[in-house]
Amino acid sequence: MNLFRSPRYADGDRIEVDGAAVRLKVSGRARRVSLRLDAARREVVATAPNPRLLGEAAAFALERRAWIAARLAELPQTAPLVPGSLIEVLGRPCSLEQAPGRVRWSEAEGDRLRRLVVPGEGEAFARGVVRALKAEARRVLTERTEVWVRALGQPSPTLTITDARGRWGSCRPPRTVGFGAAVEVGRIRYSWRLVLAPYAVMDYVAAHECAHLIEANHSPRFWTVVHNLVGDHRPHRAWLRDNGSRLHAFGRE
């Protein structure tokens, strides 16, 4: 009888390496055991090609504890939402202020600083800030989506605001064949955290997803559509790549 049997792991299990969370994942596309940082979830992922090798993935993570600690240390600090904080909303500085009454945006004429006034204390205040930012994201992204679908000659899609950690946006184009296809519209999802990015970056993501309504891929034809809408998309993609983890850290304890 083996009293020292190795633990059995399943896809999605989590282990702890010197206090850091490591998620075990099975990927049929993987050729070997590997580690990567998931900055949005603030955790490391140990990937194995099949379930039998999850034990090796866990052991590999333990061997690379120094690498894991270094990668997590590079992540931006979380930013709790408290009165007096200064954030950026679509590229403009915004002060978070606490006062009784309804949630409201305030700005003086000619003053670049916006003020988001929210009632409540502690968690209630933080939840109110997030609700206000989600509402602002929905308003602006709905407006820009309408601009881009009109430019493309497409019907308005349904729009959903989420807190997805893997994508800034996603699009499901309408079907072109089958029962009901003639009246079906596309569906677009956006992360509300885009409201924390510069306006041009947010607008690029809206144009990107709208372009998928007519090109459901990332072919050269797709990128031509995007270029015709917003010009050179590379600076916007670079900004999201360099600053995405900071946006995902916003509002987390």
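These are my notes on two sheets, the helices packed on them, and one arginine.

**Entry 1: the model**

I am working from a predicted model. I keep that in mind for every value below.

**Entry 2: the four-stranded sheet**

I looked up the strand order first. Four strands make an open sheet, ordered 1-2-4-3. The pairing is mixed. I then checked the edges. Strand 1 (14-17) and strand 3 (34-38) are the edge strands, and each pairs on one side only. From one strand to the next, the twist averages 35°.

Next I asked what covers this sheet. Helix 2 (residues 65-73) packs on it, and touches strand 1, strand 2, strand 3 and strand 4. The direction of helix 2 makes about 15° with that of strand 3.

I went back to the inner pair. Strand 2 (residues 20-26) and strand 4 (residues 43-48) run in the parallel sense, paired over five bridges. I picked out one residue, Lys25, and looked for its bridge partner in strand 4. The partner is Thr47.

**Entry 3: the three-stranded sheet**

I repeated the search further along the chain. Here three strands form an open sheet in the order 9-11-10, again with mixed pairing. Its edge strands are strand 9 (158-162) and strand 10 (169-172); each of them pairs on one side only. Neighbouring strands are turned by 15° against each other on average, direction ignored.

Which strand pairs with strand 9 in the parallel sense, and over how many bridges? I found strand 11 (residues 187-191), with five bridges. Within strand 11, Tyr190 stands opposite Ile161.

I noted two helices on this sheet. Helix 3 (residues 122-152) lies across strand 9 and strand 11, and runs at about 150° to strand 9. Helix 4 (residues 199-211) packs on the sheet and touches strand 10 and strand 11. Its direction makes about 155° with that of strand 11.

**Entry 4: Arg114**

I turned to a single side chain. Arg114 lies in strand 8 (residues 114-118). Is Arg114 buried or exposed? Its relative accessibility is 9%. The cut-off for buried is under 20%, so Arg114 counts as buried.

I listed what surrounds it. Leaving aside neighbours within four places in sequence, Arg114 contacts Val89, Arg92, Pro93, Cys94, Ser95, Trp105, Ser106, Glu107 and Glu136. I followed up two of these. Ser95 is 19 residues away along the chain, yet its C-alpha atom is 6.3 Å from that of Arg114. With Glu136, the side chain of Arg114 makes a polar contact of 3.4 Å.

Notes. Residues numbered from 1 in each chain as written. Predicted model: local features only at pLDDT ≥ 70, side-chain atom pairs only at ≥ 80, totals over all residues. Heavy atoms only, no water. Pairing = 2+ DSSP bridges. Axes fitted to C-alpha atoms, helices over the stretch in contact; angles between N-to-C directions. Contact = heavy atoms within 4.5 Å. Buried < 20%, exposed > 50% of the residue type's maximum accessible area, 1.4 Å probe, protein only. Polar contact = N/O pair within 3.5 Å; in protein donor to acceptor, adjacent residues only side chain to side chain.
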